[in-house]
Amino acid sequence: MAFEGLSERLQKAFSGLRRKGKVTESDVRDSMREIRLALLEADVNFGVVKEFVKNVREKAVGAEVLESLSPAQQIIKIVNDELTATMGEAAVPLNKSPHIPTIIMMVGLQGAGKTTTVGKLSKRLIQQEKARPLLIAADVYRPAAIDQLQVVGKSVGVPVFEMGTDTDPREIVRQGLAQAALQHNDYVIIDTAGRLQIDEKLMTELADIKEIAHPNEILLVVDSMTGQAATDVAKGFDERLDITGVVLTKLDGDTRGGAALSIRKVTGKPIKFIGQGEKMDSLDVFYPDRMANRILG
Ligand code: GDP
């Protein structure tokens, strides 16, 4: 189950406080130490942990809290609020273009769930807005990637523009956008190439595609199971592409929580959606407060 270890550790930190009628500063210090360890073990970015603990401690040692009738309850609330703030306060909607099409560029490392997310997002847009998206297959390095996008497109009833693997992805995007203009598609979703790791050639190609397509949204798809590495990947992509949002996948797995809790603070960019399964309907809007509740169990 996602966040299992983190939830258990946080509950343990609180149970120490709950047992006491009156909570002292030294009790708060003990529980802060446990919270700090819980976050580090969940693979949360070190700087994020530091700031988190500092903020909670500052609020928790306030006289009103310690002298209140339910100090433990109040500290739990402070932690809950800080978890929410760390992940971004409120849900952030998709950026839309004032005129059609809204162009969404999907980027990410291979295996993160990019192609699956393209399908899920299409399905969501069709269901919620009766949208008519066009998918552009711009991953020419793995022949299987185009086939996979075709399969995904078919399963959600969305056409795929592709030119095989012999054309430069920049040209594919140009022609795909021209096709979308002719067909009056309201959304264009560009499936770009993923690599096993960030490399210069990939980044240059993505930067070029950005220049050509002027996307309204550059969504980075990251695998939540990879924790701290997901945060580093997000930082790398953001520095180069100035992404507009993140999709965190595989939250149905037993992710420890590090990516969910670090990405917003490290990149400043919002997590917009979460993937919670392999099926096409398992994409949900990311609500920081709900995620905080889920983490606190
Ligand atoms: P890409 O290489 O980034 O395009 O990744 P794919 O879309 O091919 O996904 C890689 C694998 O992860 C596939 O087996 C997907 O079914 C799986 N996957 C993607 N998103 C999720 C998710 O949210 N939960 C789970 N459990 N699996 C996912």
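In this predicted model, the span of residues 2-87 is 79% helix and 0% strand, and its end C-alpha atoms lie 16 Å apart. The stretch coincides with an annotation in an unreviewed UniProt entry, "domain: Signal recognition particle SRP54 helical bundle", which covers residues 2-87. A second annotation from an unreviewed UniProt entry, "domain: SRP54-type proteins GTP-binding", covers residues 101-297. Over residues 101-297 the secondary structure is mixed, with 47% helix and 20% strand, and here the end C-alpha atoms are 41 Å apart.

Two helix pairs are worth a closer look. The first joins helix H1 (residues 4-18) and helix H12 (residues 288-296), whose axes come within 7 Å and cross at roughly 75°. Because angles from 65 to 115 degrees count as roughly perpendicular, H1 is roughly perpendicular to H12. On the H1 side, the contact is made by Leu-6, Ser-7, Leu-10, Gln-11 and Phe-14, while H12 contributes Arg-294, Ile-295 and Leu-296. Sorted by class, the contact of H1 with H12 comprises 5 nonpolar, 2 polar and 1 charged residues.

The second pair is formed by helix H5 (residues 71-87) and helix H11 (residues 258-267), with axes that come within 7 Å and cross at roughly 60°. H5 and H11 are therefore oblique to each other. Leu-83, Ala-85, Thr-86 and Met-87 of H5 meet Ala-260, Leu-261, Arg-264 and Lys-265 of H11 in this contact. The class make-up of the contact of H5 with H11 is 5 nonpolar, 1 polar and 2 charged residues.

Turning to the backbone, two loops carry features that a reader may like to inspect in the model. In the loop between helix H2 (25-41) and helix H3 (46-60) sits Asp-43. Phi of Asp-43 is near 75°, a positive value in a residue other than glycine. The other loop runs between H5 and strand E1 (102-107), and Pro-101 is found there. A cis peptide bond links Ile-100 to Pro-101, with omega at about -5°. Pro-101 also falls at the start of the span 101-297 covered by the GTP-binding annotation from UniProt.

Finally, there is the matter of pockets. The largest pocket holds about 190 Å³ of space. Its lining consists of 13 residues, and those closest to the pocket centre are Leu-94, Arg-124, Gln-128, Phe-273 and Val-285. Helix H6 (114-129) and strand E7 (271-275) are the elements that give two or more residues to the lining of the largest pocket. Of these elements, H6 supplies the largest share of the lining, 5 residues. By class, the lining of the largest pocket divides into 8 nonpolar, 1 polar and 4 charged residues.

Key: Residues numbered from 1 in each chain as written. Predicted model: local features only at pLDDT ≥ 70, side-chain atom pairs only at ≥ 80, totals over all residues. Heavy atoms only, no water. 1 Å grid on protein atoms, 1.4 Å probe; cavity = no way out; pocket = protein on both sides within 12 Å on 5 of 7 lines; lining within 4 Å. Points joined across faces, edges and corners; volume = space filled by probe spheres on them. Helix = DSSP H or I, 4+ residues; strand = E, 2+ residues; numbered from the N terminus. Nonpolar A, V, L, I, M, F, W, Y, C, P; charged D, E, K, R; others polar. UniProt positions renumbered as here; feature names shortened; annotations may be inferred. Axes fitted to C-alpha atoms, helices over the stretch in contact; angles between N-to-C directions. Parallel < 35°, antiparallel > 145°, perpendicular 65-115°, else oblique. Contact = heavy atoms within 4.5 Å.
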